[in-house]
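Reader: Could you walk me through the ligand site in this one, slowly and in some detail? I'd like to see who sits around the ligand before I look at anything else.

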Amino acid sequence: MSEKYILRARRNDRIARWIITAGGVAIIATVILILVLIVEVTLPLFLPVGAEPLAEVSLPAQLRHEDVLLLDADEYMRDGLVLTRGGRCVFFDLKTGTVKHTENLAEDASRGEALACSRVGAQQYCMRWSSGLVTIVTPDFGLSEAENHGVAKPYAVEELQSIPASVEPGEIATSVARYTDEGLVTRVDLLANNTFRVAQRSVSTDLMGNESVEAYESLIDGLPGGVSAYTLDTQGEWLYAGTADGQLIRWDLGNLGSPKLVGAHKATEDNVPVTALEMVFGDVSVAVGTGSGKLTTWFPVRKTPEAVTKQLAPIHDLAPHDSAVTSILTSRRNKSLVSLGKDGSIHLDYPTSEQHLLSLSRAERVVKTGYTARGDGILALTEANRICVWRIDNPHPEISLSTLFGKVWYEGYDAPEYTWQSSASTDDFEPKISLVPLLYGSIKGTFYAMLYAIPLALFGAVYTSHFAQGRIRNVIKSTVETMAAIPSVVIGFLAALWLAPIIERYTVTFLLGIMIVPVLIVIFVMLIQPLRQRPFLKQVEQGFEFVLMVPVVLLACTLSYMLAGPLEALLFGGDLKQWLFESAGQRYDQRNCVVISFALGFAVIPIIFTIAEDALSNVPNSLKAASLALGASRWQTVWRVVLPSASPGIFAGIIIGFGRAVGETMIVLMATGNTPVLDMSIFNGMRTLSANIAVEIPEAPLGGTLYRVLFLSAVILLVFTSILNTMAELIRQRLRSKYGLNN
Amino acid sequence: MTDPVTTEESHVTPQKPAGGVKATSERPKAKPAFDFEPKIRIENLSLYYGQTRALFDVDMSMPAGEITALIGPSGCGKSTLLRTLNRMNDIIPAVRVTGTVAIDDVDIYSKAVHVDLLRKRVGMVFQKPNPFPKSIFENVAFGLRIHGESNRNSIEETVEKSLQRAALWDEVKDRLRENAMSLSGGQQQRLCIARALAVGPEILLMDEPTSALDPRSTARIEDLLDELRSDYTIVIVTHNMQQASRVSDWTGFMYEGYLVEFGQTEKIFIAPEKKQTEDYITGRFG
Ligand SMILES: Nc1ncnc2c1ncn2[C@@H]1O[C@H](COP(=O)(O)OP(=O)(O)OP(=O)(O)O)[C@@H](O)[C@H]1O
Ligand SMILES: [Mg+2]
């Protein structure tokens, strides 16, 4: 029987060991898996831009590269098109180069031949004809029956605008044109005598459906230098011109018929000419390429805080070419831009993050490039009359470590800043994704919460474990347990809707109370020490001494309440908020750090208290007895024996509380106002990393930049807490070997 | 364990001149009338743990500069009685004490007595060695520091002296900075004695100081007690009859909260007056 019993015991042992091992391994595996999954989502943020060569074909229809005015592709990277000098639009298969359709845009001979062509909007091209006419056209890529629900769609080119010249075609050097949905058509010609001729035609329709046309013409002459490049924004409101001696000039065309010079700036050193100008997506920045190969983006900023008007300034320096920049093409998705050097090198850059994303080149010199409107394809036409196509995988050009953690100069800002603003109502909005304000918010909130929670929790734990008597100890412990059980949403809700208004109303009282209460308590304790042996005080049961404190605390509160009014009048001219705003330039947020300190502190106190109390009560009674038997007072015993012995546990409690405060979401979400500001003031709110995830995740499209950045903040939170825990564990081990007990 | 008669070792019970003992009491409650100068005088002492009474009208005196042993079956109140002498019972909730405990004729339960100062005069060594998880040096210096001594030299001096008195100095003098937890059980207990001696007590209370130790360590501690004898008034609780007979001058036998018999050790062990005492000593006890 005993033999059998032993065998059974052994078997049970083995099974138990397996189960326990399996459980442990499963937990570790799960944690690692979670980490891997999260990191995997964030990884594409930092992957280099991919350029996959898609095809290389000969120019269709025996065209030569000199004939090609413009290259583009459809949004599926299936068909390409070239606009030719002959005024034709040739659609061809990108993979094979076979011509699918050719459309003659010249209609009749009166238009002459096409001289130049540039991209205007997403897939619109502005063509200038030798007759002086300018047309804006858009291609329509055909679809087969299968592709288009059984109805074949033919290839076509639609003409959107046709703007005749009002001067002799021979006088025109180059032209560009823009039109808006509101019916404003703008055409700017650079005339042979280095003068701009601006023609604006505004068509407005009244309620009755009557059209009225107003046409304006104006000349801009006396230009400081020969214009070597110029461009218009998509609305035709701003005219930018670069000169052969390196100046960048800007005119405001908003006032129809009277263009206004806004500023001229030196854009290059050594009077190198400006060779390429293009508006970056969003119409705020202009990309400037020079004869020496420099590539910069400019946008208007207020140079000094007092300045009324904004002046163009060079903001971002991009990777230079080895030779003159001949053309710049921009994406209509984000601010990426493709530039072509005279030597045929193609660069893909992102201005905001100043990242050079990609360099492409061919054995034969590239003479023209195309950049799809979506920014997902680059086409290159070489001297050898061949077209190369790359599929570009560039989902997160705006993200780099320096944009996440460094200052970034965004359009519309007057200086580089740490900014978090992930979304806005407009399409051309650029997300601003600095994590610094969020990290700062997390640390700030945690700091103030711990400032309040640590002393309270530790004093409470010391009192409960070593001074309070049985009954009162049970009351405290169960109260704290209840505290821990309160859902954080309830705490956040109360803090935001109940506490915040009260604190707003009695700010000075609160601040005064924070100072007066502890001071009065200390004074009271010092006064009462000599009286301790008095019979009257002896009647107060040990562990109930706090009852004596009640009147003191009440007195302190009343005192702060009564002093608050006069003090506010004396120091802050009667209104703290006003004073703050006027003399310190600080706003007073209702949901501020004081509120968070209480609310988050309230959530953290039970954790610190419970762990610390545990550690303190686990200090063996024999140690306490040894100390007391040597004549140490209760306080000396706690301070010199109990606290050092419990320090590893207390420390663990604080760190775990800290981790909880950093990760706490609901309370900060509700009680902070969630403004991502960098401001140490206790009267401001904040936005924490964790709350940010909660706020933004519903709006973050799956796989998008924001989505991945939110995952990145999760990784940061995770890494932060694990570093914290590791650190805590290390320090704990050291403390334990120093003060700890054998077991 | 408590089998004193059959296993008498070579160790000889210290023969001490009995300083003119007159007579012993007849009843446990009767006031003993010895003609020594009592260092500690206990009169009519009763103690209650809440509703339970643990000591019944104990009357007893302990002579200065001698060792008094308290023996008795488990749960009879020896430790309780010992703890009344330095008021360690105060930290137990709901303890009530009536009667008098006087040290040098001053009632230690009177309002005028400061507990912390009382405990400085009345040191205590516990059953299980309980050094602080600090260095050996800091363990001994602890008492000095809490009583306000801050002079380094004088602390070092006292630590060395105390360790020497506790017969530990030679073993630890090269490792004073090491954690006291690294010492053996016997060394730890001697460290606790040194720690108690460092604050300069007049009385040493020992509650089964050797029950957790091996015979060698026990013998060392007993030798130590012998050396400390004349300088301190020692009260020791023990379950070891041999130990009581070996080290003590006086012995009190307690039973169920009563002090049954008290007298010179020789007398108690050789010719006890009470049947209960005799039964207990000879091991015939239940
Ligand atoms: N803290 C306490 N609270 C309540 N009752 C106690 C407490 N300590 C001791 N007692 C009770 O008082 C009586 C005497 O206990 P005491 O510890 O003094 O016995 P003892 O003689 O030292 O026993 P032992 O030889 O086992 O140590 C016992 O009945 C015990 O249950
Ligand atoms: Mg005992």
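Author: Sure, let's start with the piece that gives most to the site. Helix 1 of chain B, residues 78-84, supplies the largest share of the shell around ligand 1, with 4 residues. Keep in mind that this is a predicted model.

In total, 13 residues surround ligand 1, and the closest are Ser74(B), Lys78(B), Ser79(B), Thr80(B) and His239(B). Sorted by character, the shell has 6 polar residues, 4 nonpolar ones and 3 charged ones.

Now for the atom pairs, which are probably what you're after. Ser74(B) has a side-chain N or O atom 2.4 Å from an oxygen atom of ligand 1. His239(B) also points a polar side-chain atom at the ligand, with 2.6 Å to an oxygen atom of ligand 1. Tyr49(B) pairs with a nitrogen atom instead: 3.4 Å lie between that atom of ligand 1 and an N or O atom in the tyrosine side chain. As for cover, ligand 1 has 630 Å² of accessible area on its own, and the protein covers 60% of that.

If you zoom out from the site, chain B also meets chain A. That contact takes 27 residues from chain B and 24 residues from chain A. The two chains bury about 2000 Å² between them, with 62% of it on carbon and sulfur atoms. On the chain A side, Ala629(A), Leu630(A) and Arg640(A) supply 31% of the area buried against chain B, more than any other three residues.

Those three have numbers that fall in domain 3 of chain A (437-738); the chain also has domain 1 (51-143 + 153-164) and domain 2 (267-410). Domains 1 and 2 of chain A touch as well, with 28 residues of domain 1 in contact with 28 residues of domain 2. Their centres, taken over C-alpha atoms, are 24 Å apart, and the pair buries about 2400 Å², 57% of it on carbon and sulfur atoms.

Definitions and conventions. Residues numbered from 1 in each chain as written. Chains lettered and ligands numbered in written order. Predicted model: local features only at pLDDT ≥ 70, side-chain atom pairs only at ≥ 80, totals over all residues. Heavy atoms only, no water. Near = heavy atom within 4 Å. Polar contact = N/O pair within 3.5 Å; in protein donor to acceptor, adjacent residues only side chain to side chain. Areas by Shrake-Rupley, 256 points an atom, 1.4 Å probe, with all protein chains shown as cover. Helix = DSSP H or I, 4+ residues; strand = E, 2+ residues; numbered from the N terminus. Nonpolar A, V, L, I, M, F, W, Y, C, P; charged D, E, K, R; others polar. Domains from an automatic or database assignment. Contact = heavy atoms within 4.5 Å. Buried area = accessible area lost by both parts, 1.4 Å probe.
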